[in-house]
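Hi,

Here is the structure I promised to pass on. Have a look at it first, and my notes follow below.

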Amino acid sequence: MNNEIDVLDSLNKEQKEAVLYFDSPLLVLAGAGSGKTRVITQKIIFMIQNLGIPLHRILAITFTNKAAKEMKERVKNALNLEKEPEWITTFHSLAAKILRYEAEHLGYGKDFIIYDEEDSKKTLKDIIKELGLNSEIYKPDRVKNAISQVKQEMDETVLEFYEFTLPHLRKIYDKYQEELKKSNALDFDDLLILVVKLFKNYPEVRKKWQDKFDYILVDEYQDTNKIQHEILKYLVGGRDCITVVGDPQQCIYTWRGANPDNILEFEKDFPNTKIIKLERNYRSTKKILDTANLIIAGARGRWKEKVLKLWTDKEEGEDIVLFELQSDKAEAYFIGQYIDKLVKSGKYQYSDIAVLMRMSFLSRNLEEAMIKYNIPYQVIGGVRFYERAEVKDILAYLRFAMNPKDTQAFKRIINLPSRGIGEKTINKIKSFVKEDWLQGLNDAYESLSPKIKLRIQEFLEIIEYVRQYGNEKPSETARYIFDAINYEDYLTSKYPKDWEDRLANVEELFKALKEVEKSGKTLTEFLEESSLVQAQDNIQDINSVKIMTVHASKGLEFPVVFVSGLEDGIFPSRRAFEDIEQMEEERRLFYVSVTRAKEKVFLTYSKMRYSFSGQPMETKVSRFVEEIKPVIKVFNPQKKEKQNYKKQSSSPKKSFNNYSSDSSTDFKVGELVKHDVFGKGVIKSIDGKKATVIFENVGEKTIRSDYLKK
């Protein structure tokens, strides 16, 4: 009994109830900062110490290797174990373990290998070539995404709809699976799918694994997909041996397969479910929680049923403040100044502060501001702006033109996009190099094949143009490179899932170069400065400001949080304007951003932001900010005075965020359509003004039909 007191001692009433409940399936709705991980670890320890359940008969699943490792360490330390617990794991690791024992039932050897994305795409590339298909239509990236979507949906009709635009997809799919089997290989989707297939078709195997575990716990349940949910149903098998913990308000990953129904309708699949809500927050001040509650109170439909109302007995805290800045550059520099002020006050260190953004391209101005004010920083959940592949590609052309001795720049661009110039040709060119690569190219020219000569000539013309105009008109020159190498086509084919974000980063680079022109600096000076930005890597996570997307911030907490770029079209994203489900997810993202903070939240937006064409455009403050006006203060640093929040009564004269379409609404089921954001797709069903469409790159979406084009 002393052990029981030790385990339960640090828990509040609801946490304790969750640890002690075993009478039926349990759904723990755990709000941000409510101690959900503690509930899972303490429940594991309680079962071992007080119920006599052996550790190896308890299965605990979470979503990342990092989270699993932390949970293992907590349990290991609490129980004074020599080894880490084997069955605290991730879904993919669990599936791999099960298949190591059972793969032979499905025709695979137990020593199967797991193909990563590159392995899978190379296999598909060979298959497409072998079948004699058009490689421009059947691009490996595109085909792999379609196959992955088909597998994750576990729905034959998804494959049928993809066949409208990829008629030979089924043939490729079958051949792909055949090739995997020949190699005794599984891809990441197969790991999960084959476990479902195994449990469905082999009852004795299913029973064996059900009997292996006396109890199952799952963390971050709002992030599970359909297949993971099926695996759990099979493992539980009608018993009362499951506790899942999650927060519907932090469901922000539907774009990568998370299925909200798993947590929203948990009781349907697990009858007699008991629901316990953890609403006491141990992280944030009362004013932060009041704001968070107001944000999520606007949730619609079925989300409202499971909305939590966070509370705390901590201090009232400071008001959340919205800062209105005149321009995007002013916004970033204001954040830099304010951080500098906070740290110099002695109350905070750099590591206490995070700057969150909805879209990664916003980091460029923020990083420049950090460097200007000598603030050490890290970009979390992504690389620094000038280190992003798409930015480096364009910069490499500029770098090589300015300095033809730059070997790394040359190797990056000589075959980007592909010109059929392989290692053999590069080595031949290298043998002619005496001064630099440009001289080597010219001298090697006559020894090359006619086809390569043509490609080299095109390359040299681009470089010559850049050398002539680069210093004088760096922004226009960068755009010339972009057009001359058909870089947008390259991005869409190489990065089908996030090419739009990458394109936005390139547009942000054009804006930076435009500013170079205005400042009177040369391109050479700019390249030197951007190289210095890249060299900031020596400051790791010792004492630095963290810059990250809201998605990357999930699970983290900081005393001070800045949420930047709070404009309609950015946060919420423009692509959510015509999709209610996406807009709900944007709301949850805003909720996540505010609940990362312990003490202070600063919201910022720019009243004027440069569009991708380089034009200054008026913006409109985020609709989410409009909703929380009763509990925030507004401050305009330029006016140096506080003011009451006043709703904007008229739309901006110009806004690059506003969306319009003149497309026809006369559509039929099965018709091929195009959407400006989601690309090509096929209409699955029509309901009044709404159409459900299977898009090639993003899967199924329900949107208004007037946003579609034939």
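Helix H21 (residues 437-444) is largely enclosed by the rest of the structure, because six of its eight residues are buried. Helices here are DSSP runs of H or I with at least four residues, strands are runs of E with at least two, and both are numbered from the N terminus. Buried means under 20% relative accessible area, with over 50% being exposed and anything in between partly exposed (1.4 Å probe, protein chains only). The buried residues in H21 are Trp437, Leu438, Gln439, Gly440, Leu441 and Ala444. Their cover includes helices H18 (389-402), H19 (407-413), H20 (423-430) and H22 (450-469). At the N-terminal end, Asp436 acts as a cap for H21, with a side-chain oxygen 3.0 Å from the backbone nitrogen of Leu438.

A word on provenance: this is a predicted model, where local features need pLDDT of at least 70 and side-chain atom pairs count only at pLDDT 80 or more, while totals for chains, interfaces and linings use all residues. Residues are numbered from 1 along each chain as its sequence is written, and side-chain values use heavy atoms, leaving out hydrogens and water.

Next, Arg587, which sits in helix H28 (residues 580-594). Is Arg587 buried or exposed? Arg587 counts as buried, because its relative accessible area is 7%. Beyond its neighbours within four places in sequence, Arg587 is in contact (heavy atoms within 4.5 Å) with Ile295, Ile296, Gly298, Ala299, Phe624 and Glu627. Its C-alpha atom is also 8.8 Å from that of Gln249, although the two residues are 338 apart along the chain.

Thr692 belongs to strand E21 (residues 690-695) and is buried too, at 13% relative accessibility. Sequence neighbours within four places aside, its contacts are Val682, Ile683, Lys684, Ser685, Glu700, Lys701 and Thr702.

On to pockets. The second largest one holds about 1,100 Å³ of space. It has 26 lining residues, and the closest to its centre are Lys125, Lys139, Pro140, Ser418 and Ser493. Helices H6 (117-130), H7 (140-153) and H24 (487-494) each give two or more residues to that lining, and H6 has the largest share with seven.

For your own scripts: a pocket is an open set of points on a 1 Å grid over the protein atoms alone, where a 1.4 Å probe fits, with protein on both sides within 12 Å along at least five of seven lines, and lining residues have an atom within 4 Å of a point. The volume is the space filled by probe spheres set on the points, which are joined across faces, edges and corners.

Cheers

Notes: Polar contact = N/O pair within 3.5 Å; in protein donor to acceptor, adjacent residues only side chain to side chain.
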